[in-house]
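Please read the following report alongside the sequence and the three-dimensional view. It turns to charged side chains, then to aromatic rings, and ends with one helix.

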Amino acid sequence: MTITNKNRDITFIKNVLRLKERSTQDPLRFFRATPPQRAFINDPSPVKMLLGGNQVGKTYATCALLLYHCLNRHPVIKTDPPPIEAWLVTHSHEQSRTIQAKLWDMCPKDELHPEVEFVPGKGFRGLAPVVRFKNGSIIRIKTANQGLGLASATANLICIDEPVDALVFNELLARTLRGGTGGKSGTLAISMTPVGNVDVQYLRDMIEADRISVHRAALTVKDTTPVGCKPLLSQEQIDTITENFLPIDREARITGSLDVTPQGVIFDCFDPVTMISRQPVPAGGDYRFCVGIDHGSQPNTQIAILCCIDMQDPQAPSIYVLDERVGGTGTPEEHAASVLQMLDDNGVDGKLCTWTGDNVHMGGQRKAKKMSNLILMRAFERVLRLPPKGLGWTIRTAVKYRHSVYFGASMIHAIMQRRQFFIQPKCKTTISSITNWTMKRTQSARSKDKFQHSVDALRYCVMPVLDYRYRPPAKMRLY
């Protein structure tokens, strides 16, 4: 290698390292928006919306909009000079942590106030998380379902991530009416996919009345490709994502359509001819056994389901529903004995299973005793004549994050769609539930649905194995 080539290589390496350092210190400079993101960010309207499907970059557009305003670095709009006050409103605390991580990743670190501290997995430090900048601007992070504390407050910019109800939206809008410089109107921006338990009819009415500026982003290669860059998602990846959406709101999750409402049977691709099978589980797979339990005190509401899952290909697992036990009015010991008999009938050792149960069930009547995973574990010990804490397995409590019912159902639906779901004909209650279950919007409606219990038990059973994001709680202590 000549001296000239060596010097050229050294210069190139130094430039790459310098560019890496700049991208770490100021990621916002390197943000490249997709066409829908750019239209939303550059829209000067006082009330605007980015309405789109899942995985189209709505949250990143919201984070960029917040930072452009707070740092007075908007590429197109002349924003209010700093310091300004901006709010980021999320639906839940769990959602807030995810969005705070994305906001931190995009923040220019040199612009942050020295007191700002971000804790990975938790978010910005503080009871009420706040992001402060050296220029005096501030972003307050609020959670809609925990109370916003809006009395007498005003803000230059409020960004809402995902739908909120009409009362919250109107209250937030009122906080921006005189939030701009000199008493001018501030900006209210919302990015959302119209799914979940929030009634968004008021937004549909606003769109039809032309009271909100709307930008739509569909889950397509075009709408997910940053301007001037290579595609981030291929058509094959988009097809895979789309396959996992349930038919009831697939259009909403792909295009952001407001015209889809959840109704009709969810597992519409369940084929009783090919999926109800007496054939044993084939040999040669990477099998995981699991038990899911939904607690109840009424007849046919205490459900236990035993499954075998082939994880030889983690991207395309197969589910074999082996057996079920249905009860509800018996003692914990009777339920425990029934589940143990189910394991024995199928030749499965309980120590080899992943056990997941529902939250504590208090019973619908005064005389109805509560049922819980801890009570059932103690009942197992009594039936097996084991000493306290001598049981060879732990029943963990099911993780219930936002949209967990939908997510679990969509995972099972996708496996059915690939023809990799099988159930023994003796599981009559589970088969009936699969063929009749419709998704309800409220917990009250779900609790009255006789088909919900088996579907919940099935979700609790398979999700800890199927879902890589699943994080079970620590083991329960037996006192």
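D345 forms a salt bridge with R325, their closest N and O atoms lying 2.8 Å apart; a salt bridge here is a side-chain nitrogen of Lys or Arg within 4 Å of a carboxyl oxygen of Asp or Glu. The pair links distant parts of the chain, with D345 in helix 10 (residues 332–345) and R325 in strand 12, 20 residues apart. Helices (H or I, at least four residues) and strands (E, at least two) are DSSP runs, numbered from the N terminus. D345 is partly exposed, with a relative accessible area of 45%, where buried means under 20%, exposed over 50% and partly exposed in between (1.4 Å probe, protein chains only). Salt bridges that share partners join D323, R325, D345 and K426 into one network.

This is a predicted model, in which local features need pLDDT of at least 70 and side-chain atom pairs count only at pLDDT 80 or more, while totals for chains, interfaces and linings use all residues. Residues are numbered from 1 along each chain as its sequence is written, and side-chain values use heavy atoms, with hydrogens and water left out.

A search of the whole structure finds 11 salt bridges, among them the three in this table.

| Salt bridge | N to O distance |
|---|---|
| D345 and R325 | 2.8 Å |
| K426 and D323 | 3.5 Å |
| R140 and E85 | 3.0 Å |

R140 lies in strand 6 (residues 138–143) and E85 in strand 2 (residues 85–90), so this pair ties together parts that are 55 residues apart in sequence. R140 counts as partly exposed at 30% relative accessibility. In the pair of K426 and D323, K426 is partly exposed at 42%, whereas D323 is buried at 4%.

Positive charges also meet rings: the charged end of R253 sits over the ring of Y406, 3.7 Å from its centre, and K142 lies over the face of W87, at 5.0 Å from the ring centre. A charge sits over a ring if NZ of Lys or CZ of Arg is within 6 Å of the ring centre and within 35 degrees of the ring normal.

The whole structure holds 11 aromatic pairs, meaning rings of Phe, Tyr and Trp (its six-membered ring) with centres within 6.5 Å, where planes under 30 degrees apart count as stacked, over 60 as edge-to-face and the rest as tilted. The rings of W104 and F124 have centres 6.1 Å apart and planes at 70 degrees, so their pair is edge-to-face. W104, F118 and F124 form one aromatic cluster.

Finally, 15 of the 15 residues of helix 15 are buried, so this helix is largely enclosed by the rest of the structure.
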